[in-house]
Amino acid sequence: MRRISAGLIARMYLVVVIFVMLVYGIQNARIKSEFALGDWLINYAGGFVRRGLFGELVLLLAGAKLSPVYVTLGVQLCLYLVVWGFMWRAAGRYPWRLWSMALWLSPATLAFTVLNPPGGYRKEILLFALMCATMMMIRAGVRLFVVSVALTAGIVAMLLCHEAMFLFVPYLLAPFLMATKDVKQFVRLAVLPVVVGAGTFLFVVQHPGTVEQRDVICTSVVDMTHARTNDLCAGGIASIGASLDSEHGKVVRTARRYHYGLLYGTGAVLGFLPLVLLLRGWGGERRAAWVIGLAVVVSFCLTLPLFYGAIDWGRWIYIHLFSALLLVMFARETEERVVLGDFIPAGGVLAVVGLLVYSLCWTLPFYGGFPARSGYLGLYKYVRHHGGPAPALDVPPGR
């Protein structure tokens with residue numbers, strides 16, 4: 001056992017995740033999920049509104065007799081393939097140790113969308129794919145200025161699809177800080193994506209939409225997908241025209257009902273624990289550790305409004321941790337074959353048991369409407385109860 005490649009174990013787990021996510025994606029298309037599909041189909045049928053770019057393009061393609069459901073699924077899978085491709089390559093080159101494997105297997109990173117069936121295929125995959133594409137270009141030796149220009153274009157497109165992703169931009173800039181030794185050079189590379197991204201963000205947030213626009217968009221989505229009901233409109237479409245006070249009221253009610261402080265306080269501690277212990281042990285690579293830590297802290301502070309105005313607390317924590325995992329995989333590479341015996345300490349049975357318990361026996365809920373299930377056993381019971389891998393979200397009152 002100790003001679004088995006750690007990278008092989010990581011890749012095998014990634015294959016399992018990919019398979020499950022493919023099943024979820026097909027199921028989402030079959031049931032026409034309001035969250036994995038409806039959110040993506042917000043469009044400009046009623047005038048310019050936040051998050052409408054992708055849906056507008058799909059609306060145009062729908063006129064060309066292309067199925068908006070499967071066009072959306074195809075784009076989502078292409079984005080995931082960029083992420084999975086980056087992670088596959090990185091898994092074979094990473095100098096694995098106990099805490100890095102714990103972060104890889106954590107229910108708050110790769111497993112989050114597996115353990116929360118309706119939690120995948122959301123618009124944060126735009127952020128993850130953009131991160132991975134940026135890091136792959138840097139690794140391939142593309143001029144950093146060219147990468148900065150490409151990143152800027154990607155940020156604009158991403159924000160026109162989901163403006164809240166701007167709050168996670170520090171993760172997109174961190175690879176530049178790792179790739180440069182000169183802070184002035186980093187500032188020159190970062191100024192374009194930050195300024196253009198901030199301008200796009202400020203423009204988009206001034207167009208939250210109206211109730212009238214919401215109704216027009218809902219009608220257009222139902223028509224283009226030939227849906228039998230308006231259920232597709234219950235996701236992001238339903239929040240168009242809603243006030244911040246109304247959304248915060250939902251957070252307060254949901255947080256009280258599901259004890260958010262305890263639920264997500266515990267989940268955050270469990271999720272961030274391997275990351276903190278991993279970065280503390282980097283020794284000679286302290287600069288990369290500080291860059292990742294700085295990206296997490298700055299981005300977390302920027303995303304505090306999301307915790308104020310949206311109930312998806314588990315989702316926000318997951319985005320932070322998954323982005324940090326991607327940076328960890330980018331920061332370190334090795335040409336040596338790392339075997340399990342290299343990172344399992346002496347008397348390692350206890351370490352292996354601890355890793356398995358940590359990886360298998362808890363879940364970071366998507367939001368309070370999901371119970372804090374007991375890992376994969378809880379997932380099995382959940383799927384068996386609902387009769388399918390990706391049912392519509394169990395929305396709490398007021399959502």
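Axes here are lines fitted to C-alpha atoms, for helices over the stretch in contact, and angles run from 0 to 180 degrees between N-to-C directions. Helices are DSSP runs (H or I, at least four residues), numbered from the N terminus.

A quick note before we start: this is a predicted model, so local features need pLDDT of at least 70 and side-chain atom pairs count only at pLDDT 80 or more, while totals for chains, interfaces and linings use all residues. Residues are numbered from 1 along each chain as its sequence is written, and side-chain values use heavy atoms, with hydrogens and water left out.

**Exercise 1.** Work out how helix 1 and helix 4 are oriented to each other.

*Step 1.* Grab the geometry: helix 1 (residues 6-31) and helix 4 (residues 68-93) pack with axes 10 Å apart, at an angle of about 175°.

*Step 2.* Apply the cut-offs: under 35 degrees is roughly parallel, over 145 roughly antiparallel, 65 to 115 roughly perpendicular, and the rest oblique. The two helices are therefore roughly antiparallel.

*Step 3.* Look at who touches whom, with contact meaning heavy atoms within 4.5 Å. On the helix 1 side you'll find, among others, Leu14, Ile18 and Leu22, and the helix 4 side includes Leu77, Trp84 and Trp88. By class, this contact has 17 nonpolar, 3 polar and 2 charged residues (nonpolar: Ala, Val, Leu, Ile, Met, Phe, Trp, Tyr, Cys and Pro; charged: Asp, Glu, Lys and Arg; polar: the others, Gly among them).

**Exercise 2.** Do the same for helix 3 and helix 4.

*Step 1.* The axes of helix 3 (residues 53-62) and helix 4 come within 9 Å and cross at roughly 135°. That makes helix 3 oblique to helix 4.

*Step 2.* Now the partners: Phe54, Val58, Leu61 and Ala62 in helix 3 meet Pro68, Val71, Thr72 and Val75 in helix 4. The tally is 7 nonpolar, 1 polar and no charged.

**Exercise 3.** Find the disulfide and describe it.

*Step 1.* A disulfide is called when a pair of cysteine sulfur atoms lies within 2.5 Å. Cys218 and Cys233 pass, with sulfur atoms 2.0 Å apart, and the structure holds 1 disulfide.

*Step 2.* Check the twist: the S-S torsion of Cys218 and Cys233 is about 95°, so the disulfide is right-handed.

*Step 3.* Place the ends: Cys218 sits in helix 11 (residues 211-225) and Cys233 in the loop between helix 11 and helix 12 (244-258), 15 residues apart. Both Cys218 and Cys233 are buried (under 20% relative accessible area; exposed is over 50%, partly exposed in between, with a 1.4 Å probe and protein chains only).
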